[in-house]
Amino acid sequence: MYDVAIIGAGINGCSVAHELAQAGKRVAVFDMNSIAGGGSGAAGAFISPKFSKGGELKELLHEAFVYSMAFYEQHFPQLLKKAPLLHVAQDEDDSKILQEYKKNSSLTLLNPSSEILDNITTNAQEMESVSINAGIVNAEAMCKALCKSAAFIQEKVESLIYDEGSWNINEEYRAKEVVLATGAYESLMKEPYMQLRGIWGHRIDVKTTTQNSHSIHQFVSISPSSNGVLAIGATHNVHYHPQTAKEPYDVNAGREELLEKASRTINLENIEVVKDYMGLRSGSFDYMPLVGPLVMSSETLQNKAINFHTKKPDYEAYTYYPNLTMINGNGGYGFVLAPYLAKMLKEYILSDMKISQKVLPARFFARWAKKTH
Ligand SMILES: Cc1cc2nc3c(=O)[nH]c(=O)nc-3n(C[C@H](O)[C@H](O)[C@H](O)COP(=O)(O)OP(=O)(O)OC[C@H]3O[C@@H](n4cnc5c(N)ncnc54)[C@H](O)[C@@H]3O)c2cc1C
C-alpha cells in the first residue's frame, strides 16, 4: 500500500512526488511513457515571469517565478542555469504592455549587454524590450531528480477504483491518496465540466558558431548557447494534436518555422539542427492552473440544497472524489508553476490547508452547473 499514487511523471507529478516524499510519504509515480516523456520533456524549461500589464495570472506567475527560482537554486543548483532573459515585444501593442510592465515591476531590470545587442537583428533592437535575471532548467534531468525518492512504475493507468477506504489502481496497486497529473492526455476521471486544451509544441537543439549568453523570447524562445548548441522552441504556434490529427506531424516544416521565427530576432551563423523534442502542453480555458480536489458532478447535482445559480457558489457543499486531487493546466509555464503549486497541494493533502478558489478545479464545475442546470 502506497501513501500516495501520482499518475503522470511530468514536471507537475514529479514536483508533487518530491514534496510528499520529503514529508516522509511512501510515493509511487505512474507513467505510460518515461519520466518527462510527455509535454515536460519537450519544454525549453525557461523560468520566467509573465510580461503582461496585470491580472491574476500575472500575479500568480510572478509569485511562482520568484518561488521556483529560489527552489531550484536551493535544491537542484546543478540543473539550473542562471542567465539573463531578454524579452522583446512582437508588435506595437506588446511594446505598450512592456512599457507598463517596466514601470510597475518589482524585479530588478537589467540593461542588455553590448554582446546581446550585437547578436540580435536590427528589427529586434528597435522594439521595446525588458531584461531580467532568470533561469532555465534541464527539463528531463529535473523531473528525474524530483522523482528520485518515489517508486516509478512505467504503466498506463486504465482503472482507478475507490473501495474499502483506498484506491485500487489497475487492479494491482493500492494507495491511500491519488494525485492526477496527466497533462493534456486523455482524462482518467471523465467529468463533463473538466476540459483542457492540448497545444502541441516543438523544440530543436541547434548547433551554431554564434555565442549567445542570454535567453531571448520574442516569436519563439531561444536559449543561451552551451558547447556550441542552443535550443529554440515554441508551443503557441504549432496547432497539431497527436490524438486527433490525420497526418503525422511534419517535423521538417516545424523546424523551418522555428528557424524562420528565430531569425527575426537573432542572427545565427552556421546552423545545424541536431535534435527535436515534441509534446503537448495543457492549458485551462481561463488560463489559470487547476490544483485541488475534483468535484463528482452527478452526486453534487443531486444535492437539492445547493443553488447552482448563485454568483457566490459554496464549493464546500459540493461532493468530491475521496482522497483524490489533480494538478494540471500550467500552459506554457509548467516549470515555473509546478514547484509552487506542488507545495500548495502538499499542504492541502497533509494539513488540509485551503487552496485559493482561483485555482480550484471546482470553479469549472460551478460555471458548468450554472449554465446547464
Ligand atoms: C515545446 C514546449 C516548450 C515549452 N517551454 C516551456 C518553458 O520554457 N517553460 C515552462 O515553464 N514551460 C514550458 N512548456 C510547458 C510545459 O512543458 C508544461 O506546462 C508542462 O510540461 C506540463 O507538465 P505536466 O506534468 O502537467 O504534463 P506532462 O509533462 O505532459 O505530463 C503528463 C504525463 O502523464 C502521463 N499520463 C497521462 N495519462 C496517463 C495514464 N492514464 N497513465 C499513465 N500515465 C499517464 C503522460 O505520459 C505524461 O508523461 C513548454 C512546452 C512545450 C511543449
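**Strands, ligand shell and cores**

Colleague: In which sense do β4 and strand β11 (residues 215–217) pair?

Modeller: β4 and β11 share three bridges, and two strands count as paired if DSSP finds at least two bridges between them. Strands are DSSP runs of E with at least two residues, and helices are runs of H or I with at least four, numbered from the N terminus. Within this pair, L86 stands opposite I216 in β11. The sense of the pairing is parallel.

Colleague: What kind of model is this, and how are residues numbered?

Modeller: It is a predicted model, in which local features need pLDDT of at least 70 and side-chain atom pairs count only at pLDDT 80 or more, while totals for chains, interfaces and linings use all residues. Residues are numbered along each chain as its sequence is written, from 1.

Colleague: Which residue of β5 is the bridge partner of K82?

Modeller: Strand β4 (residues 80–88) also pairs with strand β5 (residues 129–137), in the antiparallel sense over nine bridges. In β5, the partner of K82 is G135.

Colleague: Where does the ligand lie with respect to the domains?

Modeller: The domain assignment, automatic or from a database, gives domain 1 (2–38 + 142–196 + 285–372) and domain 2 (85–136 + 199–279). Their C-alpha centres lie 32 Å apart. Because both domains give residues to the shell around the ligand, the ligand lies between domain 1 and domain 2.

Colleague: Which residues come nearest to the ligand?

Modeller: A residue is near a molecule if its C-beta atom, placed from the backbone, lies within 6 Å of it. The shell divides into 16 nonpolar, 23 polar and four charged residues; Gly is counted as polar. Of the 43 residues around the ligand, the nearest are G10, G38, G183, G201 and G334.

Colleague: Which element gives the largest share of the largest nonpolar core?

Modeller: A nonpolar core is a set of buried Ala, Val, Leu, Ile, Met, Phe, Trp, Tyr and Cys residues joined through C-beta atoms within 7 Å. Of the 99 residues in the largest one, those touching the most other members are A5, I6, A17, I47, V137 and C143. The largest share of this core, 10 residues, comes from α10.

Colleague: Is E92 buried or exposed?

Modeller: E92 lies in helix α4 (residues 92–104). A residue is buried if 20 or more other C-beta atoms, placed from the backbone, lie within 10 Å of its own, exposed if 12 or fewer, and partly exposed in between. E92 has 10 such neighbours inside 10 Å, so E92 counts as exposed.
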